[in-house]
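Please open the structure in a viewer and keep the selection tool at hand. This tour proposes a series of stops and states what can be found at each.

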Amino acid sequence: MGDISTLSRHFKSMSRYAGIVHHSPDQGLLHLPLQEVDVRVWMVDISARVVLSQVFENVSESPTSRAKYVFPLPASAAACAFELEHADGRVIFGVAKEKSEAAKAFQSAVDAGKTAGLVEWVTDDIFTISIGSIPARKKVTARLTFVMDLLDDGRRDQVRLQLPMAIAERYGEPPAAMLDASTTNEKTIVIIVVDVQTSDKIQKIQSPTHPTITCKRHKSSTGRKSERWTRVTWSSTTFLDKDFVLTVHALGLDKPRCFAEVDPQGRETIAMQLSLIPKFKIPPLDSQEYIFVIDRSGSMSGAPMETAKRTLEMLLHLLPDSQTTFNIFSFGSNVDGLWGKSVSFDQLGMRHAIVSVQGMEANYGGTEIAKALQFAIASRNRNRPTAMFVLTDGGIQASAKLDPFTIVSRAVQGCNANAQLRVFTLGIGENVSSDMCERLAREGGGVCLFAVQAEDITGKCAMLLNAGRTREIESVTIDWHGSGSPPAVNFSPLNHHHPLPPSIVQLEPPPSMQQGPPTITSIFPGMRLNVFAITTFSSVPREVRLRAKLKDSEEVLDDLVLVTEVKPFKDEGSSIPLLHTLAARQLVKDLAEGRAPLPKPIAPASDADIQKAAIVRLGLDYQLVSQYTSFFAEESGQETARMLRRSTSWQRSRRQRGHASATDGPADEGAPGTDVSTMQTVFDSLSQAVYAVFNFLFPDPPPTTRSRQKPLPGTYYSAAQSRSGSPSIQSERPYRHDNSSTDTFSTLSSLEGSCTSSRWSFSRPSSPIPPPEDPIERAPSPVFDAAPLQARPAAPPRIAPPVPKEAHAIISLQNFDGSFTPSPGLGALVGIDTLSKAAELQVDGNIWATAVVVAYLRHHLGAQPDLLDALMNKALEYIDGKGANLLVGRDFWDLVNIAGESVGS
């Protein structure tokens, strides 16, 4: 414990990283006040595009030298654009370069007295921006655009947006890039606007962290109220120092989907994304060891510790009673176990463990998670399967001396054939490190879920434990061409890729198929699976086929998914390929973590150099920030104010060398109903091309433009549909096609049918409410209904209720074997009169109490079948096993139906 004082100093210097600092010759280290944080999000189905704008002010009387800005991002995000905007509207755009080349160019620009910017990777969830000279008494706006997949929230019909707003304290030596970071200003204004568009009716939108959000359903100019498009807003006059979490529950989110996108930048590739939630049943393991590793370091104090304790207690109750061993390890600066080795799971052991959990405190000092994992793995029985559950906020700085990922990956790879180890993580807290938690689960072949203390964790516990019980998958293959023969491929020449710097190992062209992740090691029922591919197919396949084979079984699980093509948006000869960007982000991650095969070098080179070259090539090709590529922006003197011209700088920054530059065009000053602020919005070039893919979200132009409607860019049409709109089916099409009016389009709002079938409800139009300024080029927003999302529904939707608090209390009363015993506590939850009918029905007390609980869960959780099955599994296993002899000829489900009459009333 002798390192506590050192750790305390680190904590104080690292607390709440987010801001710009610079060195002044006469005043030393100066902080630029962060005045405003503006977050604009477009959630589309299972993906999102985010524009993060932060306004800083140099309050000193002299210009800054080199200023530094440190900020967090979700670990799954692909940072694909950066810009700096001066107070007069002039904008400097960033271009991806090799890391050292970008750093040299930035330093040269600063030495020359130019305004310049540099965006660098620190970890997958921490980035820095360095800025050249900021004039005295001037403001600067830093904007970063990123795209991301939305998180799995443990429910097949729900997705989760989690935006980190500050970097919490992390144990270990901080990276050099973060040592001079600024503390946030409590007076900073925070504005968050989220547009939510789904493929079917939105059931519920809520924020477990900020319940005071406002939801407004969009309305068309005719007054129709959309059931698939909602705007969520939240604002604060003080800085938001914890994650912002938004969950969206909508019909259709559990449907399998595969999107395909033809690259518009001349690389002759097609990017594909397969997303599905397996609905097939995977049999549970007959015998397994369960190890729980709980973080009790100082960063877990308070609400996170209470959430972790509640979670662990729930997981213990859900353990299978037969052929199960278990143990609990607590860690901080030190690590210790409840027992030296795992013990058999029985009633006495379960009660002892629960009492121990209830007495836990966050008093273990630092966060030596690597040591804890090594200790826990060493204790496991190597002759039987093991599921390890890690409950942590991930608050460490990974380093060579403190590397939990290597420990887990080596342990997983070194398992005996029939005794696999899988690691699952539950990230807990308001400032959880998504990078740490997600990667730990990836290395361990498990899944990662997140929870803050304000939300219910019953469902997450059940889904996580259920995943941990499933049998191992022997192999998973994806036929990206479906069940037919593979389509012909294009063999791209070298000049279709961004030239690598001379200092980097030169590579042969990539293979015709690049999949990320390259190998799928696990599939879990009810948990979303996302897989990407970049192919050189010359045509878009009609369907994709997934096959999975269970270990020690001849059964092959088979799923076929139709392909929906993303129609590329073209603006002045260029566009940003959304799916290519997401796929490239996944390929970079696989290369960095050693899971992807290395490309072939032109000349012999080391694996490390080849890996670096492969990541650099992806970063340059798709304009991504990575550990080997950075964004560099330099003021050229040619910049003009954003509102005065239609910028193409964004497009130019993404074109490959040798492509012609677009010509800037003047603004349309004659457009009816247009003022300066509208023009600024319309011609804002920050993310035109990124947002174009999402532009299909806004199908209702205002009356002033209705007479000159044009086909919407960024729309989708099914690969199974005929271009002529006839009933005939075409399995493949050439990817080069015109934009003729005979194309059969459908927006994401109507993936299951034509756009005329979109769900709408009618109500009287209300007075227009001015929408917040939108930094994206788009049609003016439609009229809002000022009422919250749940107000005045045209027809009551079938909203799946949240898991009732009573469900957690009920599970906490479950015996280790899955049965329930009549008690005053159980009677208070399900009804004393109902519970007392056992004697009247001449049924064993435990059998009747179990039937009542099953009826209660079915009544309250009928709209959540995955969660219902997970919570009922153990009770039904008891009925099929030890309880079968106690039924004495009675049918258990008859008893459940009888109990349901009382529970339902």
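The stops below lead from a group of strands to charged pairs and then to some unusual backbone angles. Please keep in mind throughout that this is a predicted model.

**Stop one: a covered strand**

Select residues 421–428, which form strand β26. How many of its residues are buried? The count is eight of eight, and the strand is thus described as mostly covered. Now colour the two faces separately. On one side are Leu-421, Val-423, Thr-425 and Gly-427, and on the other are Arg-422, Phe-424, Leu-426 and Ile-428. Both faces are covered, with each of these residues buried.

**Stop two: the neighbours of the strand**

Add residues 386–392, which make up strand β25. This strand pairs with β26 in the parallel sense, over seven bridges. To see one point of contact, select Leu-391, which stands opposite Leu-426 of β26.

Next, add strand β27, residues 445–451. β26 and β27 also run in the parallel sense, and five bridges join them. Here Thr-425 has Cys-448 of β27 as its bridge partner. To follow the chain from β26 to β27, display helix α7, residues 434–443, through which the chain crosses. This β-α-β crossover is right-handed.

**Stop three: a charged pair at helix α7**

Stay with helix α7 and show the side chain of Arg-442, together with that of Glu-593. The two side chains meet in a salt bridge, at 2.4 Å from N to O. Why does this pair link distant parts of the sequence? Glu-593 lies in the loop between α9 (578–592) and α10 (607–622), whereas Arg-442 belongs to helix α7, so the pair ties together parts that are 151 residues apart in sequence. Glu-593 is buried, at 12% relative accessibility, while Arg-442 is partly exposed, at 26%.

Widen the selection to Arg-439, Arg-442, Glu-443, Asp-590, Glu-593 and Arg-595, which are linked in a network of salt bridges.

**Stop four: other charged pairs**

A search of the whole structure gives 24 salt bridges. One of them joins Glu-635 and Arg-90, whose closest N and O atoms are 2.3 Å apart. Glu-635 is in the loop between β33 (629–634) and α11 (649–654), and Arg-90 is in the loop between β6 (78–86) and β7 (91–93), so parts that are 545 residues apart in sequence are tied together. Glu-635 is buried, with a relative accessible area of 17%, and Arg-90 is partly exposed, with 24%.

Then select Arg-542 and Glu-543, whose side chains meet in a salt bridge at 3.4 Å, N to O. Is Glu-543 buried or exposed? Its relative accessible area is 10%, and Glu-543 is buried. Arg-542 is partly exposed, at 26% relative accessibility.

**Stop five: unusual backbone angles**

Most residues other than glycine have a negative phi, and most peptide bonds are trans. Select Gly-516 and Pro-517: the peptide bond from the former to the latter is cis, with omega near -5°. Pro-517 lies in the loop between β29 (513–516) and β30 (529–535).

Move to Asp-45, in the loop between β3 (34–44) and β4 (47–57). Although Asp-45 is not a glycine, its phi is positive, at about 60°. Asp-45 is buried, with a relative accessible area of 3%.

Finally, select Val-888, in the loop between α19 (865–880) and α20 (892–904). Phi of Val-888 is also positive, near 50°, and Val-888 is exposed, at 68% relative accessibility.

Technical notes: Residues are numbered from 1 along each chain as its sequence is written. This is a predicted model: local features need pLDDT of at least 70, side-chain atom pairs count only at pLDDT 80 or more; totals for chains, interfaces and linings use all residues. Side-chain values use heavy atoms; hydrogens and water are left out. Buried means under 20% relative accessible area, exposed over 50%, partly exposed in between (1.4 Å probe, protein chains only). Helices (H or I, at least four residues) and strands (E, at least two) are DSSP runs, numbered from the N terminus. Two strands pair if DSSP finds at least two bridges between them. A crossover is right-handed if, with the strands pointing away from the viewer, the path from the first strand over the helix to the second runs clockwise. A salt bridge is a side-chain nitrogen of Lys or Arg within 4 Å of a carboxyl oxygen of Asp or Glu.
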